Amino acid sequence: MTSAEVTRRRLMGLGLGVLAGVPAGCSGDSGPVRRLRLATGPEGGPYNAFGQALAQAVAASGRRIEIVPVSTAASVDNLRKLDDGSVELALAMADAAEDAVLGREPFPGPTTATALARVYVNYTHLLVPAAGPVRSVGDLAGRPVAAGAAGSGVQVVAERVLRAAGLSGAPASQAAADERQLGLAPSVSALREGSVDALFWSGGVPTPALADLARELPLRFLPLDAHVGALRERYGPVYTAVTLPAGVYGLAEPVGTIGVGNYLLARADVPPDAVRDLLQVVFERWRDLLREVTAGARLEPRFAISTGEVPLHPGAVAHYRSVYG
């Protein structure tokens, strides 16, 4: 059993319940304000929106910490910045975070990232024009696909789905998908214009940019839940089966897909008192933080401490024990 699992089992034994509320106000630290840089994502994206909302919530809390959002390419880029010390905090998808901690590709060796909370789940979207010929992942062979920006978590999950379908890293005798490294806005434009035949995205539901696209272009969302087992077997339980509900994006019926958690992370050398202050704000203001990211999500303690192979920061452990013990 890993140290991360041991920590979580101990916490689960404390009888975590529903958060009753934490008093607002200063933490009692009369020292200078501690400035923490948070690696988010590209401007206009969900990580950037979360980071801006968190910075505002912390500023309004009266606690002696300041959050400074830093725009990035997202998950993989964020983990690299966290490791090299150019930021103290980061947001990242669970699969990329575990790759970093375990030293799996694209990371050259294990990093020392620690988790503060699992804050919400990303839903993997694979969409194509409804009038087009693509009706399954296998139909993407030889076709151009918007597969996420370089350094993003979308790129990680898209490549793994395509590989599971035999369309990425395939032998020359097989037709691989033509993966294009595009962020969300360029991906939407490319699908609208017809320069790509499919678009991968991993985010909350609904993602506003995709909801807007669905109102102007009939779309088909391809089911991906059949690939969950293969991904879990190779990469562990960071991947889960989730469902895009009927009604969202105009869907007439639910579509099964792949869920991946999002972690709020910190360098191990961030002081525990700063982490405790930050988590108090996160749990006080989670409705505001998640409103622009994923509709209907809740931040529950049992969910928050489920960070797989990524160990909880000592300050996070102290916070959960002090509040739920």
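Three short exercises on packing in a predicted model follow, each with a worked solution.

Local features need pLDDT of at least 70, side-chain atom pairs count only at pLDDT 80 or more, and totals for chains, interfaces and linings use all residues. Residues are numbered from 1 along each chain as its sequence is written, and side-chain values use heavy atoms, with hydrogens and water left out.

**Exercise 1.** Find which strand gives the largest share of the largest nonpolar core.

Solution. A nonpolar core is a set of buried Ala, Val, Leu, Ile, Met, Phe, Trp, Tyr and Cys residues joined through side-chain atoms within 4.5 Å. The largest one has 108 residues. Leu-79, Leu-116 and Tyr-239 are among those with the most contacts inside it. Strand β4 (residues 113-129) supplies the largest share, 11 residues. Strands are DSSP runs of E, at least two residues; helices are runs of H or I, at least four.

**Exercise 2.** Decide whether Leu-219 is buried or exposed, and locate its partners.

Solution. Leu-219 lies in strand β8 (residues 219-221). Its relative accessibility is 16%, so Leu-219 is buried (under 20%; exposed is over 50%, partly exposed in between, with a 1.4 Å probe and protein chains only). Pro-129 is 90 residues away in sequence, yet 4.6 Å away C-alpha to C-alpha. Leu-219 touches Pro-129, and its other contacts include Leu-191, Leu-210 and Leu-213 (heavy atoms within 4.5 Å).

**Exercise 3.** Identify which residues join helices α6 and α7.

Solution. Take α6 (residues 184-193) and α7 (residues 208-216): their axes come within 11 Å. From α6 come Leu-184, Val-188, Leu-191 and Arg-192. From α7 come Ala-209, Leu-210, Leu-213 and Glu-216.

Notes. Axes fitted to C-alpha atoms, helices over the stretch in contact; angles between N-to-C directions. Lists of a residue's contacts leave out its neighbours within four places in sequence.
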